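Me: Could you take a close look at one part of this model for me, and then show me how that part sits in the whole? I'd like one connected walk-through rather than a list.

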There are 2 protein chains.
Amino acid sequence: MPHDFDAAIHLTSLGEHRFAGATHPAYANMVGPYGGVTAAVLLNAALQHAQRLGDPIALTVNFAAPLADGGFEIDARPVRTNRSTQHWMLTLSQGDAVAVTATAVFAVRRETWSAPEAAFPPGLPTAAELQRLVLKGFPAWTERYDMRFAPGEAPRLDGRGADSSLSRLWVRDEPPRPLDFASLAAVCDCFFPCIFIRRGAPTPVGTVTLTSYFHADAALLAAQGERHLLGSAQGQRFRDGYFDQSGQVWSDDGHLLASTHQMVYYRE
Amino acid sequence: MPHDFDAAIHLTSLGEHRFAGATHPAYANMVGPYGGVTAAVLLNAALQHAQRLGDPIALTVNFAAPLADGGFEIDARPVRTNRSTQHWMLTLSQGDAVAVTATAVFAVRRETWSAPEAAFPPGLPTAAELQRLVLKGFPAWTERYDMRFAPGEAPRLDGRGADSSLSRLWVRDEPPRPLDFASLAAVCDCFFPCIFIRRGAPTPVGTVTLTSYFHADAALLAAQGERHLLGSAQGQRFRDGYFDQSGQVWSDDGHLLASTHQMVYYRE
């Protein structure tokens, strides 16, 4: 049996630039699928395209309309291929209507001077020292992640709110699955919407655009394997129906694997 | 005489979704034009498109190839228009070759619960208390901004480098020009590449993708007018040819107008 994640991002070739896929009930969200798995299936179209060059550097996914449960088609075109970089434009459609647009940058990396700057979030117990958060009444996709929060850091939806929307957690696929670019792209969207934490209550939200930058290469992802990742996210500005949040996804030994940003619609 | 910025982002309609523009020598960079002005001219195609709905919420621009000096064409398509949001796909081409791709999200905002979270950068003198940085030997576009750094905060390219790539400055168009969405999109790319500051030396770089989120509406931009904006940017991870940096653009009275992120190629 393939992992539900692999089933959810599975694509069938319909020709040079066209792929067919389908939503998967295991990754259902309130309306349509979890945005992270939609990001992953779009990236997967480029990953398995015959003309692919190198590995993902950046991915932007724009959620233009809710996806209906069922089949979809992806158009994935390498619009410019240079010596070491490749630029993609992608759309996901149902019938004649575009539901998602995306761009991706792939590259062949070369070894250069390198240095970290952002610091690994301090003071968290290890994943093994924490319990999995048991979520009840949340959409199906949340069951596909093992999420562990430090004591006092689990989102409290008690109506009291918080001065800071900072959210930190250990997270891995459930059941465990070796990390790759597709699953890293998906986990970049796993954070509780920062507005829930800030206001202490769920409110109708929807990500309108998600951008993730990949700092890891395939070797670093392979070294992480199935172990928990450390995620951290925080909002910057909530204003008249839209807020942004920025996050980081770390390996458990302190490498920044991805940085991720999104703009989120909220209704009230 | 129009401002050079308006000349640089000027577009002529070639039909429903097609526009013609040209690079402008006042915004020349090392190779091709300043990325910020390229972002602005792409946004401008959507801004002046007959089917435009609302104001910009998010813009992602992917620099796929260097632009040659001279003319270009922009294809700007509203691929999905909803009740209050509109999703755009854009390409900028020279001849048959795509040089830049972009996506944009526009929206009609409604008044909702709102709150700041990111804090205005503390401890800076006002713009009036500082002197404009005089740049010599830098590309033409840097002369189109009045940039003012706090004492000790101007980038030092003395080879010594710094533990932090944090960069803060007051910045406005030169000569002054009332702020609008196009010029805000452009200023989001005005920061010194964080790798210059971190390493204390210029190194060959090129932004491969730039994402900006707009928190301001037209009224907030109009209120800012021609006064200096406060910009702040910092890198997160430098690794094997690519680094990311995130920035903020503030009004001088403390409103976060835009947050901006980019992934940058570097050669050595």
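What follows is my request for one residue, and then the reply.

Me: Let's pick B:Arg198. Which helix does B:Arg198 lie in, is B:Arg198 buried or exposed, and which residues is B:Arg198 in contact with once its neighbours within four places in sequence are left aside? After that, please zoom out to the chains and a few other spots.

Reply: Sure. One thing up front: this is a predicted model, so read everything below in that light.

B:Arg198 belongs to helix 4 of chain B, which spans residues 194-199. With a relative accessible area of 16%, B:Arg198 counts as buried, because the cut-off for buried is under 20%. Now for the company that B:Arg198 keeps, leaving aside neighbours within four places in sequence. From its own chain, the contacts are B:Gly161, B:Ala162, B:Asp163, B:Ser164, B:Ser165 and B:Phe238. From the other chain, B:Arg198 is in contact with A:Trp113, A:Ala115, A:Pro116 and A:Glu117. So the contact list of B:Arg198 holds residues of both chain A and chain B, with contact taken as heavy atoms within 4.5 Å.

That brings us to how the two chains go together. Laying chain B on chain A takes a turn of 180 degrees and a shift of 0.0 Å along the axis, and the RMSD is then 0.0 Å. The two copies are thus related as by a two-fold rotation axis. The interface fits that picture: 100% of the interface residues of chain B are also interface residues in chain A, so the copies meet through the same surface.

Zooming out to one copy, chain A has 5 helices and 13 strands. Its radius of gyration is 18 Å, close to the 18 Å from the globule rule for 268 residues, so chain A is as compact as a globular protein of that length. If you want a box for it, the C-alpha atoms of chain A fill roughly 50 × 45 × 40 Å along the principal axes. Buried residues make up 61% of the 268 in chain A. Take the contacts in chain A between residues at least 6 apart in sequence, and 70% of them join residues at least 24 apart. The accessible surface of chain A is about 10,200 Å², with 53% of it belonging to carbon and sulfur atoms. On the charge side, chain A carries 22 positive and 27 negative side chains, and the centres of those two sets are 4 Å apart.

Back to single residues, starting with another buried one. B:Ala76 sits in strand 4 of chain B, residues 71-81, and at 0% relative accessibility it counts as buried. Not counting residues up to four places away in sequence, B:Ala76 touches B:His17, B:Phe19, B:Ala45, B:His49, B:Trp88, B:Met89 and B:Leu90. For a sense of span, B:Ala76 and B:Ser259 are 183 residues apart in sequence, and their C-alpha atoms are 23 Å apart.

For contrast, here are two exposed alanines. B:Ala222 is in helix 5 of chain B, residues 218-224, and counts as exposed at 57% relative accessibility. Its C-alpha atom is separated by 17 Å from that of B:Glu174, which is 48 residues away along the chain. A:Ala50 is in the loop between helix 2 (35-47) and strand 3 (55-63) of chain A, and its relative accessible area of 80% makes it exposed. From A:Ala50 to A:Arg227 the C-alpha distance is 31 Å, across 177 residues of sequence.

B:Glu174 also leads to some backbone geometry you may want to check. The peptide bond from B:Glu174 to B:Pro175 is cis, with omega near -5 degrees, and B:Pro175 is in the loop between strand 9 (167-173) and helix 3 (181-187) of chain B. In chain A, a cis peptide bond joins A:Glu174 and A:Pro175, with omega about -5 degrees. A:Pro175 has its place in the loop between strand 9 (167-173) and helix 3 (181-187) of chain A.

The other backbone detail is at Asp240. A:Asp240 is not a glycine, yet has a positive phi of about 45 degrees. A:Asp240 is in the loop between strand 11 (229-239) and strand 12 (242-250) of chain A, and is buried at 14% relative accessibility. Over in chain B, B:Asp240 has a positive phi of about 45 degrees as well. B:Asp240 lies in the loop between strand 11 (229-239) and strand 12 (242-250) of chain B, and its relative accessible area of 14% makes it buried.

Conventions:
Residues are numbered from 1 along each chain as its sequence is written. Chains are lettered from A and ligands numbered from 1 in the order in which they are written. Side-chain values use heavy atoms; hydrogens and water are left out. Copies are superposed by least squares on the C-alpha atoms of residues with pLDDT of at least 70 in both. Helices (H or I, at least four residues) and strands (E, at least two) are DSSP runs, numbered from the N terminus. The radius of gyration is taken over C-alpha atoms; the globule rule is 2.2 Å times the number of residues to the power 0.38. Buried means under 20% relative accessible area, exposed over 50%, partly exposed in between (1.4 Å probe, protein chains only). Accessible areas come from the Shrake-Rupley method with a 1.4 Å probe; for residues, only the protein chains shown count as cover. Lys and Arg count as positive and Asp and Glu as negative; His and the chain ends are not counted. The place of a charge is taken as NZ of Lys, CZ of Arg, CG of Asp or CD of Glu.
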